[in-house]
Amino acid sequence: MADLLLDVQHLSKAYQHNQILKDISFQVHKGEVVALLGRSGSGKSTLIRTLNGLEPFQGGTLAFAGTPIDPTPATWLALRQRIGMVFQSYDLFPNLTVLENVLLAPVKVAKRPRADAEPEARTLLTDVGLADFADRYPRQLSGGQKQRVAIVRALAMHPEMMLFDEVTASLDPEMVRGVLDMMTALAQREMTMIVVTHEMGFARQVADRVLFLDDGVITVDTPAEAFFTAPPTDSAKAFLASMNY
Ligand code: ADP
Ligand code: MG
């Protein structure tokens, strides 16, 4: 088995008295692509945010590449340099060009010399067809282009794992494909990824494994092909039916 990257044991998290994540345990190994599925409100975003140190949690342990993740700001900051995250809403800085958006974290946070970071940023943008957009501002881009920039911005930090939370959910239909293709290419290059998505065809194509969340509990952890061929619980069946899949 490849190296263990993410180790989640008995994770629980509540907002006030509302228990959102309940005794969640799973592992992700280097190079694995995990689709995190479940109906709206099941806790997917909360789990993703907790994994990236954006949320405190009350029970259990989290470790990334052997380093325990304790809920302190210093740990969170270090962790966020190793785990890239892209949300549904592209939170690019509106007052910075595409290139400056991509360079901000590598130069300011990772302290890499601009002379190294800039050619790499331009290469990353070229790879996704955005070379000509380097000097534009986010408002001059389509939603799909902005989301591709957001992914490039995360990749510029050389993350060891990427978390995607419904990154195509707010895009116009004709913009979705380009973003999915970018994630597919990443998966093919063995990026370790956890992907929350409503795109079942895409999930089936790229994921090695499916984690299915049911009201804060992981009720299914199975190879992706098995999940889609024969959803193992009634809830998973109902979910796939609701996705018209
Ligand atoms: P999903 O991403 O699967 O749709 P979420 O993780 O967003 O689910 O939400 C899971 C549950 O946690 C929901 O009941 C939601 O209302 C609740 N929740 C999410 N964020 C907060 C918050 N900041 N404060 C209180 N409750 C929240
Ligand atoms: Mg969500």
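A pocket here is an open set of grid points with protein on both sides within 12 Å along at least five of seven lines, and its lining residues have an atom within 4 Å of a point. With that in hand, here are the close-up views of this predicted model.

**View 1. The largest pocket and the residues around its centre.** Welcome to the roomy part of the tour: the largest pocket holds about 610 Å³ of space. Its lining is made up of 24 residues, and those nearest the centre are Arg 80, Met 85, Ala 105, Arg 153 and Met 157. Helices α2 (73–80), α3 (98–109) and α5 (143–155), together with strand β6 (83–86), are the elements that each give two or more residues to this lining. Sorted by class, the lining has 15 nonpolar, six polar and three charged residues.

**View 2. Arg 153, one of the residues nearest the centre of the largest pocket.** Look for Arg 153 in helix α5. Is this arginine buried or exposed? Arg 153 has a relative accessible area of 14%, and because buried means under 20%, it counts as buried. Beyond its neighbours within four places in sequence, Arg 153 is in contact with Asp 91, Leu 92, Phe 93, Asn 101 and Val 102.

**View 3. The second largest pocket.** About 160 Å³ of space lies in this pocket. Its lining consists of Leu 124, Asp 127, Val 128, Arg 148, Val 152, Leu 155, Gly 178, Asp 181, Met 182, Ala 185, Leu 186 and Arg 189. Three helices, α4 (114–127), α5 and α6 (173–188), each give two or more residues to that lining. Which helix supplies the largest share? That would be α6, with five residues. By class, you will find seven nonpolar, one polar and four charged residues here.

**View 4. A cavity lined in part by α6 and β8.** The structure holds one cavity of 30 Å³ or more, and the volume of the largest cavity is about 30 Å³. Around the largest cavity sit Phe 164, Glu 166, Val 167, Thr 168, Leu 180, Met 183, Val 195, Val 196 and Thr 197. Helix α6 and strand β8 (192–196) each supply at least two of the lining residues. The lining divides into six nonpolar, two polar and one charged residue.

**View 5. An open sheet of four strands.** Follow the strands across the sheet and you will meet them in the order β2-β1-β4-β5, with antiparallel pairing. Strands β2 (18–29) and β5 (67–68) stand at the edges with a single partner strand each, so one side of each has no neighbour in the sheet. Between the edges, strand β1 (residues 4–15) and strand β4 (residues 59–64) run antiparallel and are joined by five bridges. To find one of the pairs, start at Ser 12, whose bridge partner in β4 is Gly 59.

**View 6. Leu 211 and its surroundings.** Leu 211 belongs to strand β9 (residues 209–214). How buried is this leucine? Its relative accessible area is 0%, so Leu 211 is buried. Apart from neighbours within four places in sequence, Leu 211 is in contact with Phe 26, Val 34, Ala 35, Leu 36, Leu 37, Ile 218, Val 220 and Asp 221. For a landmark elsewhere in the chain, try Ser 42: 169 residues separate Leu 211 and Ser 42 along the chain, while their C-alpha atoms are separated by 12 Å.

Note on methods
Residues are numbered from 1 along each chain as its sequence is written. Chains are lettered from A and ligands numbered from 1 in the order in which they are written. This is a predicted model: local features need pLDDT of at least 70, side-chain atom pairs count only at pLDDT 80 or more; totals for chains, interfaces and linings use all residues. Side-chain values use heavy atoms; hydrogens and water are left out. Two strands pair if DSSP finds at least two bridges between them. On a 1 Å grid over the protein atoms alone, a cavity is a set of points where a 1.4 Å probe fits but cannot get out, and a pocket is an open set with protein on both sides within 12 Å along at least five of seven lines; lining residues have an atom within 4 Å of a point. Grid points are joined across faces, edges and corners, and a volume is the space filled by probe spheres set on the points. Ala, Val, Leu, Ile, Met, Phe, Trp, Tyr, Cys and Pro count as nonpolar, Asp, Glu, Lys and Arg as charged, and the others, Gly among them, as polar. Buried means under 20% relative accessible area, exposed over 50%, partly exposed in between (1.4 Å probe, protein chains only). Contact means heavy atoms within 4.5 Å.
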